[in-house]
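Trainee: I would like to go through the terms used for this model and check each against its criterion. Where should we begin?

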Amino acid sequence: MTRGPLAGDGGAGRVLIPRRFNGPPASANGGYACGLVAGHIGRGPAEVSLRSPPPLDTALELRRGADGEVSLFHRDVLVAEGRPAGSPDVEPPVRPTVADAREALRRHPWLGTLGHPFRDCYVCGAGRYDGLGMHFGDVRGHPGVTAALLVADATVPHDAAGLVPELAWAALDCPSYVPALWDADVPSLLARMQAELLEPIPIGEPIVATGWLLEAEGRKHHTASALLAADGRLLARARHLWIRPRAAAG
């Protein structure tokens, strides 16, 4: 199992992120880790902040706090903390079609690049043949907007309603890495996500993911993303904070 229930006292529990769900080579996909925490907060919108790289194949402890807060620890190191939140309240500037998303994948920024730290990401990595295959690229005619196609099959963790929360959040994560971030010498890292799942994300149906820039301030980029049904219906949406490591700042 990719996630387990909290312990019977409601105060703590243990989870493990399997190695297949990596983002950078040695840590979990950020959206997956955020969604893992969010799945233990409740059904409504949530905000999760990443405090340190989420380790893979390692027992992690979930701790409950006040007001529905949930924290994830590796020994004494805080990995992530989340809480119930309001709706991200973002709307995509354009709703790419399935055809737009298929066409955009040809412009995935690391499609022909060896050695990029995100090349083997479970969600978007061009070097993965066992991942979600969401090779996002910019949408023709809409500078700064990304699109990617998701068609999840039965091998992707799901329940009767569709994708489990951690995979839905992961699918929202990578397309939010917008073109404004692509040319930096060192990649930015996901620091925070606030997401809302409006409808179940179905298995076996084409889903369009799209991302766009909200605001940039120095090393910080605020972006947004959405998951759309083939008919353009909004299924999920999120806000993201990406931070470029200080050592890489010019």
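Mentor: Begin with the largest cavity, lined by Trp110, His116, Tyr177, Leu181, Trp182, Ala184, Val186 and Pro187. Keep in mind that this is a predicted model.

Trainee: What makes this space a cavity and not a pocket?

Mentor: A cavity is a set of points where a 1.4 Å probe fits but cannot get out, whereas a pocket is an open set. The search of the whole structure finds 1 cavity of 30 Å³ or more, and about 30 Å³ of space lies in the largest cavity.

Trainee: How do the lining residues of the largest cavity divide by class?

Mentor: There are 7 nonpolar residues, 1 polar and no charged ones. Tyr and Trp count as nonpolar, so Tyr177 and Trp182 of the lining fall in that class.

Trainee: Why is tyrosine 177 called buried?

Mentor: The cut-off for buried is under 20% relative accessible area. Tyrosine 177 has 3% relative accessibility, so the term applies.

Trainee: And why does tryptophan 182 count as buried?

Mentor: Its relative accessibility is 17%. That value is under 20%, so tryptophan 182 is buried by the same criterion.

Trainee: How many aromatic pairs does the structure hold?

Mentor: The structure holds 5 aromatic pairs. One of them joins phenylalanine 136 and tryptophan 182, with 6.2 Å centre to centre and 40° between the planes.

Trainee: Why is that pair called tilted?

Mentor: Ring centres must lie within 6.5 Å to pair, and 6.2 Å meets that limit. Stacked needs planes under 30 degrees apart and edge-to-face over 60; the 40° here fits neither, so the pair is tilted.

Trainee: What makes it a tie between separate parts of the chain?

Mentor: Phenylalanine 136 lies in the loop between helix H2 (98–104) and strand E6 (137–139), and tryptophan 182 in the loop between helix H3 (165–173) and strand E10 (189–197), so the pair ties together parts that are 46 residues apart in sequence. Phenylalanine 136 is buried, at 1% relative accessibility.

Trainee: Tyrosine 177 pairs with tryptophan 242. Why is that pair called edge-to-face?

Mentor: The planes are 80° apart, which is over 60, and the centres are 4.8 Å apart, within the limit of 6.5 Å; therefore the pair is edge-to-face. Tyrosine 177 sits in the loop between H3 and E10 and tryptophan 242 in strand E13 (residues 234–243), 65 residues apart. Tryptophan 242 is buried as well, with a relative accessible area of 5%.

Trainee: How do you know that arginine 63 lies over the face of phenylalanine 73?

Mentor: The distance from the ring centre is 3.8 Å. The criterion asks for CZ of Arg within 6 Å of the ring centre and within 35 degrees of the ring normal, so 3.8 Å satisfies the distance part.

Trainee: Which residues of helix H1 are behind its description as mostly covered?

Mentor: In H1 (residues 30–38), 9 of its 9 residues are buried. They are Gly30, Gly31, Tyr32, Ala33, Cys34, Gly35, Leu36, Val37 and Ala38. Tyr32 also belongs to a cluster with Phe21 and Tyr122, linked by ring pairs.

Trainee: What makes the approach of asparagine 29 to glycine 31 a polar contact?

Mentor: A side-chain oxygen of asparagine 29 reaches to within 3.0 Å of the backbone nitrogen of glycine 31, at the start of H1. The limit for a pair of N or O atoms is 3.5 Å, so the distance qualifies. Asparagine 29 is in the loop between strand E1 (12–16) and H1, and is buried at 3% relative accessible area.

Trainee: Why is aspartate 57 called partly exposed, while aspartate 89 is called exposed?

Mentor: Exposed means over 50%. Aspartate 89 has 57%, so it passes; aspartate 57, at 42%, lies between the cut-offs of 20% and 50%, so it is partly exposed. Phi is near 50° in aspartate 57 and near 50° in aspartate 89.

Trainee: What is the volume of the largest pocket, and which residues lie nearest its centre?

Mentor: The volume is about 490 Å³. Of 22 lining residues, Gly42, Arg43, Leu163, Pro165 and Leu197 lie nearest the centre. By class the lining has 13 nonpolar, 4 polar and 5 charged residues.

Definitions and conventions:
Residues are numbered from 1 along each chain as its sequence is written. This is a predicted model: local features need pLDDT of at least 70, side-chain atom pairs count only at pLDDT 80 or more; totals for chains, interfaces and linings use all residues. Side-chain values use heavy atoms; hydrogens and water are left out. Rings of Phe, Tyr and Trp (its six-membered ring) pair if their centres lie within 6.5 Å; planes under 30 degrees apart count as stacked, over 60 as edge-to-face and the rest as tilted. Helices (H or I, at least four residues) and strands (E, at least two) are DSSP runs, numbered from the N terminus. Buried means under 20% relative accessible area, exposed over 50%, partly exposed in between (1.4 Å probe, protein chains only). On a 1 Å grid over the protein atoms alone, a cavity is a set of points where a 1.4 Å probe fits but cannot get out, and a pocket is an open set with protein on both sides within 12 Å along at least five of seven lines; lining residues have an atom within 4 Å of a point. Grid points are joined across faces, edges and corners, and a volume is the space filled by probe spheres set on the points. A polar contact is a pair of N or O atoms within 3.5 Å; within protein, one must be able to donate a hydrogen and the other to accept it, and residues adjacent in sequence count only if both atoms are side-chain atoms.
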